[in-house]
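I opened my notebook to get to know this structure a little. Here is what I looked up, step by step.

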Amino acid sequence: MIEILSYPFMQRALIAALLTGLIAPAIGTYVVQRRLSLLGDGLGHVALAGVGLALLTGAAPIPIAVAACVAGAVVVEILRQRGKATGDVGLAVLFYGGLAAGVFLSGISGVGAGGLAQYLFGSLTTVTASDLTLIAVLTVVILVTTLGLAPQLYAVSTDEEFAHTQGLRVRLYHIAVVSLAAVTVALAMRTVGLLLVSALMVVPVAAARNLVHGFAATLLCAIGIGVTTAVGGAAASFYVDAAPGAFIVLLAIAVFLLSWPISYLLRRRDAATVLPELVDDDELITPHTITEDHPHQHAPGCGHPAVQHGDHTDFIHEGHRHAIHADHYDEH
Amino acid sequence: MLVEPQTVLAAADLTVERGGLPVLRGVSISVRTGEAVALLGGNGSGKSTLIRTLLGLLPHRRGTVTLFGSPVRDFRDWARIGYVPQRSLTTLGGSKVKEVVAAGRLARRRLFRPLSRADRDTVQKAIALVGLSEHRDTDVARLSGGQQQRLLVARALAGEPDLLVLDEPTSGVDLEHQRVLAEVLVRLLAAGTSVLVVLHEVGSLAGLIDRAVVLSDGRIVHDGPLGDLGQHRHGMGGHQHDHAESLDDHDRSAETLLGGAIEP
């Protein structure tokens with residue numbers, strides 16, 4: 001670990017990976033909640049048009065890509081809000097238009113479509129100091145918004161109409177979310193690349209949803225997974241000489257795959273400790289079946305597993321449950 | 001001196017179109033302070049459309065909507081309104097109960113400020129009022145349908161509203177949940193809250209309804225006491241008597257009510 005930190009290009013690469021790992025899941029949590037998981041992918045194509053334009057004009061690619069991406073995201077969102085983008089057709093036209101424009105413009109510029117490859121797949125190790133400054137500034141903006149406005153963004157992305165009746169400017173918040181997603185995508189073209197950034201917005205969130213309960217916990221857990229896999233993947237790719245973007249995404253997917261069996265185990269543990277509530281269906285009272293003569297005295301720690309059953313405790317006894325009732329036990 | 005009760009919600013000559021077809025035609029409706037109004041009608045009669053237009057969620061082509069004295073377009077005092085949408089329309093899975101209910105405080109919160117202690121206390125109280133205290137940290141997806149319905153009521157109550165608007169809060173939930181809901185509404189009405197509730201059938205809430213408005217094919221065909229529709233009217237304690245029996249009664253009378261509503 002010390003060794004790779006001695007290379008300035010690796011220092012920049014690791015910081016860029018860290019920042020991407022922070023912001024992609026932070027904004028991704030809201031994008032996934034709105035069921036726009038593939039938005040990032042589409043915006044990646046639009047960002048390519050920006051890169052093509054930058055190659056043609058000789059400008060720095062990141063600012064132009066950010067601008068193109070935000071413009072594309074806002075257009076798509078407004079079309080969606082007005083009900084114009086019925087079906088996926090409108091979006092597809094915009095996204096593939098972006099891809100075609102990127103290839104076309106880079107062709108005219110003389111660089112050729114090959115020049116786009118480093119943006120498609122990321123090029124962590126060529127991140128410059130000025131790239132890093134821009135990424136850092138936008139990271140602050142994205143984190144302040146996604147964490148500071150979490151209650152508002154949560155409300156508009158889970159229940160639009162209710163958020164409206166709370167006086168929230170729902171459309172404005174939606175535009176803010178897609179714009180921030182667009183910025184994230186454009187920034188990530190230097191780290192994991194445009195084709196893979198959508199994965200870093202979605203996969204850590206999907207894994208976090210399996211591992212923890214609640215929206216706030218999901219947001220924080222997703223950021224944790226994002227940072228860990230991004231930095232871990234970037235560092236590991238240095239040693240095995242692999243493409244860092246691909247490594248990062250594969251790591252995130254590995255975490256996601258692992259989250260399935262873990263969530264299964266967590267669920268089983270939960271289910272074993274609390275049985276379904278009785279409180280809510282008083283009408284359905286457990287039939288009163290008294291156990292046969294039962295000399296054993298159940299008590300916490302008597303050796304029979306105790307489970308909470310609504311308002312009382314049952315003791316699991318040879319495949320059935322005993323509940324203390326007056327001087328005898330009931331079968332539950 | 002007799003003071004005219006204040007009107008919290010009023011709509012006049014409302015016409016709403018969806019997809020080019022008129023869904024509401026010349027509808028006028030009002031709710032006064034402390035009043036419980038039931039909005040009744042069959043499927044497709046425009047009940048939900050009316051509720052959502054009154055809240056400014058859908059645009060109207062003609063007519064006026066006034067909330068607490070100001071036109072719905074200019075209305076800003078959203079903390080005074082608590083909306084309980086239809087359960088099927090929400091996508092809250094993955095959230096904890098207390099997170100969902102806390103969203104009901106948003107109209108009273110300022111940007112970039114964390115939840116205050118007072119906010120937290122109000123959220124806890126709203127959860128307790130609908131009997132979900134044990135489920136504060138439960139994932140919404142793991143609640144039963146009736147519990148989810150009560151959760152949506154708690155979220156609306158967390159904002160301490162003066163007007164509660166509920167869209168079919170009793171559909172598809174069992175008697176126990178309906179009883180809890182009726183009790184909560186009785187307490188709110190006693191405290192001076194106004195209630196506008198969309199119902200498919202009057203059912204267990206009949207005892208607390210002051211006035212019924214019946215929609216049929218986008219027009220209002222009745223506006224007056226439930227009793228005028230041949231409904232046996234219960235007192236405020238109507239929800240306390242034996243449930244299995246009274247619900248049957250209500251179901252039958254609700255059918256006559258809706259059947260009769262078609263020919264005003």
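**Notes on one helix and one interface**

I began with the outer side of H3(B): the face turned away from its buried side carries the exposed residues Arg117(B), Ala118(B) and Asp121(B). I kept in mind that this is a predicted model.

Next I asked which residues of H3(B) are buried. They are Thr122(B), Val123(B), Ala126(B) and Ile127(B). Looking down the axis of H3(B), I found these buried residues within an arc of 135°, so they line one face of the helix. A general rule helps here: an α-helix has 3.6 residues a turn, so residues three or four places apart point the same way.

I then looked for what covers the buried residues of H3(B), and found that the cover includes helix H2 (97-102) and helix H4 (145-157) of chain B.

I checked the length too. H3(B) runs over residues 117-129, and at 1.5 Å a residue its 13 residues should span 18 Å; the end C-alpha atoms are 18 Å apart, which agrees. Just after H3(B), I noted Gly131(B) with a positive phi of about 75°.

Turning to chain A, I counted 13 helices and four strands. Of its 332 residues, 45% are buried.

Last, I looked at where the chains meet: 25 residues of chain A are in contact with 27 residues of chain B. On the chain A side, the elements giving two or more residues are helix H8 (150-158), helix H9 (160-164) and helix H12 (215-240). H8(A) gives the most, with five residues. I sorted this side of chain A into eight nonpolar, 10 polar and seven charged residues.

Key. Residues numbered from 1 in each chain as written. Chains lettered and ligands numbered in written order. Predicted model: local features only at pLDDT ≥ 70, side-chain atom pairs only at ≥ 80, totals over all residues. Expected span 1.5 Å × (residues − 1). Buried ≥ 20, exposed ≤ 12 C-beta atoms within 10 Å, placed from the backbone. Arc of directions from axis to C-beta. Contact = placed C-beta atoms within 7 Å. Nonpolar A, V, L, I, M, F, W, Y, C, P; charged D, E, K, R; others polar.
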